[in-house]
Structures are given as C-alpha cells and as structure tokens.
Amino acid sequence: MRNPDGYVEPLASLLEERQYLLDIAYGYLGSWSAAEDALLETYAIWYAMKECDIWSHRVWLRNKMTAICRVRAGLPDEESLDDALRMPEATARQDKTSVTLAENAREAVQEALDALTPQERSALLGEEPAMHCRATTDDMGGTSLSAETVARIARQSLVGAYPGPATTEERLRVARAFHRACTNGDVNLLGSLMSPEVSAVFDGGGRVRTPERPVTGADDVTRCLATFLTPDPAVSLTGQGINGQPGIVVHHGRVVVAVISLDLRADKLINIWVVVNPDKLQRWNCD
C-alpha cells in the first residue's frame, strides 16, 4: 500500500532516495534543473494518489521517474504511459486539507471558550456586554461586575486552563534534552518532552518525501521524529536558535539538510516544524 499519513523514513534514506531519482533524471535530461523539475512532478503524482497497491515504493518511484523523463526527452514509449503520466487533480485535496486545519483551529478555540461562563464569554468577545452584565450578579457570586471586570476574569480563566509560554530556562532545558534524545536515539526521553496535543509539520517542498499533513499526538510525533532522526554516521545534529525559537540544525556531511524549530507550552513541546525543503535551506548552505 502507499505509505499512510504520518509515515516517515529515516532522513538518511530519504536523502539517498532523492539523489537516486535525480541521478536517473539527469541521465535522461542532462540537466540538474530539469532533473529537479522531473522529481517534483514524480512526487506530486505520489502525493496526489489515493490508496493503492504498491509493493515497493522505490520501484514505483523509479518507474514513474523513468516514464516522465522519457516523455520529456522525446523518447519512444517503453509502454503505454497514459496511466503513468495522468496527473490526479490535487487542488481539491489541498483545499480539503486547508479546511481540515481551519476546522481543527476553530474547534480548539471553541473548546477554550466553552470552558467559560456565558457572561465571561460575552465580555471576552464583546457580545452586548451591557445586556449580559445585568445578569452577572447571581452568576458571579452575588456581586455585580462590570463588563471590563468579567472580561479580565475570562482572560484569567483561559490562562489558567492553558499553560503560558515557556521560560528561557525551560526552553534551554527542553532543547538540550531534545538534542540528546535525537542524537542518542532515546525514544523514552523524546516522548517525555511532548505535550499530549503536540503536532509536527514537515516541509519537504515536494522535493523530499515527507508527511504531507501534520502529525499529531505525543505517541505519533515521537515515533515519527525518532524514525526520521534515526542515528546515522553521516548525519549530525547541532543545537541552534531558529527565528527566536530553540532548534536543531541537521547536517549530512557538511550540508545542512534539515532545520527543526521547537515551540513550547510551559515545559512541553507543543509545535515542531521540520524543514527539509532544499529551496528553503539554500541560505543555510551559502557559506
């Protein structure tokens, strides 16, 4: 079967696969930029597919890349390429993904608001505060409260229900522990750093085969990152600040091949961004 959502392979294997496909394309097209375009098309077809029987993704990708390159090079077909080169409509799936993410965000906000009393919610959202404040005497402990006071209480309720941002000390401690866990392949330590609501977003830019949707939940994110960062002699990790957040820079030899940014809530990881898109990593490799 085609790999399910959230499936990921070790970074070293993904990089080897990428180079393997580029070498095939270069052999047909004689240009690295043309090879990159063919790789982008190959992966676009992979991502746009629905579930289907694929006994070996490497063989499938090789055959698809070969078919695309033969057409681009104007070579005779080895076989009918109608099915091989039919590009499924991806726009609808992308729209569906965007809607799903928006719905998840709305559900999280709604869950937080549902924890408030009607008066707290109305004051926080500015929904006719004068009308609601007349009803606050009984609901708020027998004391008549202004709209401003109810709004302040509502904000404090939300802050109490959802831990605030991590302190500098917590950020450094968790970042060092994350680096140590990934370097040593310590799955238990890695899992202990995750919030239950953690999510990991991979950005391969269509040029590295990474999960196309966010991976969510402590268990799945831990498994995914532990696999992706499987220790390898050619791969090294360095702790480094990234856009004001603690993070990890991953080298393959002397080349930066991934940048990982960590976002914390209190002392737990809540958002993880993994960038392996070669286009976005160019500035990291300009020296």
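A cavity, as I use the word today, is a set of grid points where a 1.4 Å probe fits but cannot get out, and its lining residues have an atom within 4 Å of such a point. With that in place, let me turn to the structure above, which is a predicted model.

I begin with the cavities. A search of the whole structure finds two of 30 Å³ or more. I will discuss the second largest, which has a volume of about 50 Å³.

Which residues line the second largest cavity? They are A181, C182, G185, D186, V187, L190, L225, A226 and L229. By class, seven residues of this lining are nonpolar, one is polar and one is charged. Three helices each supply at least two residues of the lining: helix 9, spanning 168–184, helix 10, spanning 187–192, and helix 11, spanning 218–228.

I now move to the salt bridges. The count for this model comes to 11, and I have chosen three to present.

In the first example, the side chains of R209 and E9 meet, with an N to O distance of 2.8 Å. R209 lies in the loop between strand 1 (194–203) and strand 2 (215–216), whereas E9 lies in the segment before helix 1 (11–29), so this pair ties together parts that are 200 residues apart in sequence. Are these two residues buried or exposed? Both R209 and E9 are buried.

In the second example, E36 forms a salt bridge with R207, and their closest N and O atoms are 3.1 Å apart. E36 belongs to helix 2 (residues 32–48) and R207 to the loop between strand 1 and strand 2, so the pair ties together parts that are 171 residues apart in sequence. Here, too, E36 and R207 are buried.

The third example is the salt bridge between R213 and E212, with the closest N and O atoms 3.8 Å apart. R213 is partly exposed, at a relative accessible area of 25%. E212 likewise counts as partly exposed, with a relative accessibility of 34%. As for salt bridges that share partners, they join R18, E36, R207 and D279 into one network.

To close, I return to two points. The loop between strand 1 and strand 2 holds R209, the partner of E9, and also R207, the partner of E36. The second largest cavity, for its part, has a lining to which helix 9, helix 10 and helix 11 each supply at least two residues. Thank you for your attention.

Note on methods
Residues are numbered from 1 along each chain as its sequence is written. This is a predicted model: local features need pLDDT of at least 70, side-chain atom pairs count only at pLDDT 80 or more; totals for chains, interfaces and linings use all residues. Side-chain values use heavy atoms; hydrogens and water are left out. A salt bridge is a side-chain nitrogen of Lys or Arg within 4 Å of a carboxyl oxygen of Asp or Glu. Helices (H or I, at least four residues) and strands (E, at least two) are DSSP runs, numbered from the N terminus. Buried means under 20% relative accessible area, exposed over 50%, partly exposed in between (1.4 Å probe, protein chains only). On a 1 Å grid over the protein atoms alone, a cavity is a set of points where a 1.4 Å probe fits but cannot get out, and a pocket is an open set with protein on both sides within 12 Å along at least five of seven lines; lining residues have an atom within 4 Å of a point. Grid points are joined across faces, edges and corners, and a volume is the space filled by probe spheres set on the points. Ala, Val, Leu, Ile, Met, Phe, Trp, Tyr, Cys and Pro count as nonpolar, Asp, Glu, Lys and Arg as charged, and the others, Gly among them, as polar.
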